[in-house]
Amino acid sequence: MSLTTEPRAVRLIKLKDVMYITGLARSTVYKYIADGIFPKPVSLGERNVAWVESEIQDWIFAKIAQRDEEFDS
C-alpha cells in the first residue's frame, strides 16, 4: 500500500455468516468457488478461512444487477 492512500477498513467474516448473508448452503458456496463464480476465502491459518465482507456484498449486488438486466430485457 502506498503512503498516500488511506487504509480501508476490511472486515473478514466466517462461513456461517457467508451462508446467512447469501442464503447459500456450505456445499454451494464451495461449488461456486470451484466454478470461479464466488469470492475466494482468505486463509487465516491451518483449516481456518474467512471471506472479505465487501466482496460478498459485491457478489450479491452483481446478482441483483443481473436479475434486473434479465427482467428489463
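Begin by selecting Asp68, which is partly exposed at 34% relative accessibility. The structure on screen is a predicted model.

**Salt bridges**

Add Arg67 to the selection: Arg67 and Asp68 form a salt bridge whose closest N and O atoms are 2.8 Å apart. Arg67 is likewise partly exposed, with a relative accessible area of 48%. This pair is one of 3 salt bridges in the count.

Select Lys31 and Asp35 next. Their closest N and O atoms lie 2.7 Å apart, and the two residues form a salt bridge. Lys31 is partly exposed at 47% relative accessibility, and Asp35 is partly exposed at 44%.

Then select Arg11 and Glu53, whose side chains meet in a salt bridge with an N to O distance of 3.1 Å. Here the bridge links distant parts of the chain: Arg11 belongs to the segment before β1, Glu53 to helix α3, and 42 residues separate them. Glu53 has a relative accessible area of 18%; it counts as buried because the limit for that class is under 20%.

**Aromatic pairs**

Turn now to the rings, where the count comes to 3 aromatic pairs. Select Tyr30 and Trp51: the ring centres are 6.1 Å apart and the planes stand at 65 degrees, so this pair is edge-to-face. Tyr30 lies in helix α2 (residues 26-34) and Trp51 in strand β3 (residues 48-52), so that the contact links distant parts of the chain, 21 residues apart. Colouring by accessibility separates the partners: Tyr30 is partly exposed at 31%, whereas Trp51 is buried at 0%.

Move on to Phe38 and Trp59. Their ring centres are 4.8 Å apart with planes at 70 degrees, and the pair is therefore edge-to-face. Phe38 is in the loop between α2 and β2 (42-45), while Trp59 is in helix α3 (residues 53-72), so the pair ties together parts that are 21 residues apart in sequence. Phe38 is buried at 6% relative accessibility, and Trp59 is buried at 14%.

Keep both residues selected and add Tyr32: ring pairs link Tyr32, Phe38 and Trp59 into a cluster.

**Surface patch**

Finally, switch to a surface representation and select Val10, Leu12, Val42 and Leu44. These residues form a nonpolar patch on the surface, and their accessible area together is about 310 Å². Centre the view on Val10, which is located in the segment before β1 (12-13). Val10 has a relative accessible area of 52% and counts as exposed because that class begins over 50%.

Conventions
Residues are numbered from 1 along each chain as its sequence is written. This is a predicted model: local features need pLDDT of at least 70, side-chain atom pairs count only at pLDDT 80 or more; totals for chains, interfaces and linings use all residues. Side-chain values use heavy atoms; hydrogens and water are left out. Patches are made of residues with over 30% relative accessible area and no salt bridge: like charges are joined within 9 Å, nonpolar side chains (Val, Leu, Ile, Met, Phe, Trp, Tyr) within 5 Å. Accessible areas come from the Shrake-Rupley method with a 1.4 Å probe; for residues, only the protein chains shown count as cover. A salt bridge is a side-chain nitrogen of Lys or Arg within 4 Å of a carboxyl oxygen of Asp or Glu. Helices (H or I, at least four residues) and strands (E, at least two) are DSSP runs, numbered from the N terminus. Buried means under 20% relative accessible area, exposed over 50%, partly exposed in between (1.4 Å probe, protein chains only). Rings of Phe, Tyr and Trp (its six-membered ring) pair if their centres lie within 6.5 Å; planes under 30 degrees apart count as stacked, over 60 as edge-to-face and the rest as tilted.
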